[in-house]
Amino acid sequence: MFENELRLLQAHLRAASMNVGAAKYAERALKIAVLLGLLVWFAGSLVFEKVALGLLYGLVAASGAFGLFLYLPIARKRELAGQIEKDLPFALMQVSVELNMNVPFEKTLEHAERGGYGLLSKEFRKVMREIREGGASIQEALFHLSERIDSSMLKRAVSQLVSVYEQGSRNRNGEPIRQLAKELLLKQKAESKEFSGKLVVFSLLFIAVSAIIPAFFQAYVVIGSMFLKMRFTPQQILAIAAVAFPAVDLAVLAMIKAKTPVFMRE
């Protein structure tokens, strides 16, 4: 029944470089989610003084935690792809320059391996290890690289590199790779402009949830305690101020970080 879901989860885990089986990962996630749900049920029953309401919060917390664990491999593989794509245009530009200077193809990969391109250089190191120690051809090692990382940009780059390698040495051999590098840089520039426009909205959202809404809530509590019949107990007010509002702030910050392009984080 869950074979397709487990197969899909296994693919996400493999792309995220998480060396664990899908069934074992799902089992661990379920155990942690159930434990968290029980803790929230107990704490919610004490704070809100209603067992049924605490149970509801516990079920929501358990479901959210389990969903988060299932999403982690997807987020991880996207993070790895972003780390690769961040340095990919510059590595391709270096490769294109060296190919135009008639440097042997394998030497250009060695230079990219030592070029200081972060995770991309480590992946090129794996490529060269496959070629030197595993006896793989350059095409096979490069295709293995594109299979390890779930990135459409990297797949295009690998396809272009293999095409150039198979065509052999000729004048301006690196020009197609140079054009691809320029295209990827233009895409990064467009993404940075788009995010800059969204950042204003994100900033206003963070100000609202971190300052304005808590201030209104505190004003309501103060005024309500003097003139109105309060529906909040002191324990509930403490839980909202000390747990709920900081949790919302952290969630907004996490969302902003997730929306920020990887190449703009450093």
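What covers the buried residues of H4? Here are a few notes to help you find your way around this predicted model.

1. Let's start with that question. The cover over the buried residues of H4 includes helix H3 (51–100), helix H5 (119–132), helix H6 (138–148) and helix H7 (152–167). Helix H4 itself spans residues 105–113, and its buried residues are Phe105, Thr108, Leu109, Glu110, Ala112 and Glu113.

2. Next, have a look at the nonpolar interior. The largest nonpolar core has 32 residues, and Leu88, Leu92 and Leu142 have the most contacts inside it. H3, H4, H5, H6, H7 and helix H8 (175–227) each give two or more residues to this core. There is also a second, separate core of 6 residues, with Leu9, Val20, Tyr25 and Ala26 among them. As background, nonpolar side chains in soluble globular proteins tend to be buried together.

3. Leucine 92 is a good residue to click on. Leaving aside residues up to four places away in sequence, leucine 92 touches Ala157, Leu161, Ile177, Leu180, Ala181 and Leu184.

4. Now turn to the pair H3 and H7. Their axes come within 10 Å and cross at roughly 15 degrees, so H3 is roughly parallel to H7. The crossing of these two helices is left-handed. On the H3 side you will find Ile84, Glu85, Leu88, Leu92, Val95 and Leu99, which meet Ser152, Met153, Leu154, Ala157, Leu161 and Val164 in H7. By type, the residues of this contact are 10 nonpolar, 1 polar and 1 charged.

5. The pair H5 and H6 is worth viewing too. Here the axes come within 9 Å and cross at roughly 145 degrees, and the crossing is right-handed. H5 contributes Glu123, Phe124, Lys126, Val127, Glu130 and Ile131 to the contact, while H6 contributes Ile138, Ala141, Leu142, His144, Leu145 and Arg148. These residues divide into 7 nonpolar, 1 polar and 4 charged.

6. Finally, is isoleucine 149 buried or exposed? This residue lies in the loop between H6 and H7. Isoleucine 149 counts as buried because its relative accessibility is 2%, and buried means under 20%. Not counting residues up to four places away in sequence, isoleucine 149 touches Ala81, Ile84, Glu123, Leu154 and Lys155. If you would like a distance for orientation, the C-alpha atoms of isoleucine 149 and glycine 67 are separated by 23 Å, with the two residues 82 residues apart along the chain.

Conventions. Residues numbered from 1 in each chain as written. Predicted model: local features only at pLDDT ≥ 70, side-chain atom pairs only at ≥ 80, totals over all residues. Heavy atoms only, no water. Buried < 20%, exposed > 50% of the residue type's maximum accessible area, 1.4 Å probe, protein only. Helix = DSSP H or I, 4+ residues; strand = E, 2+ residues; numbered from the N terminus. Contact = heavy atoms within 4.5 Å. Core = buried A, V, L, I, M, F, W, Y, C linked by side-chain atoms within 4.5 Å. Axes fitted to C-alpha atoms, helices over the stretch in contact; angles between N-to-C directions. Parallel < 35°, antiparallel > 145°, perpendicular 65-115°, else oblique. Left-handed = near helix turned anticlockwise from the far one by under 90°. Nonpolar A, V, L, I, M, F, W, Y, C, P; charged D, E, K, R; others polar.
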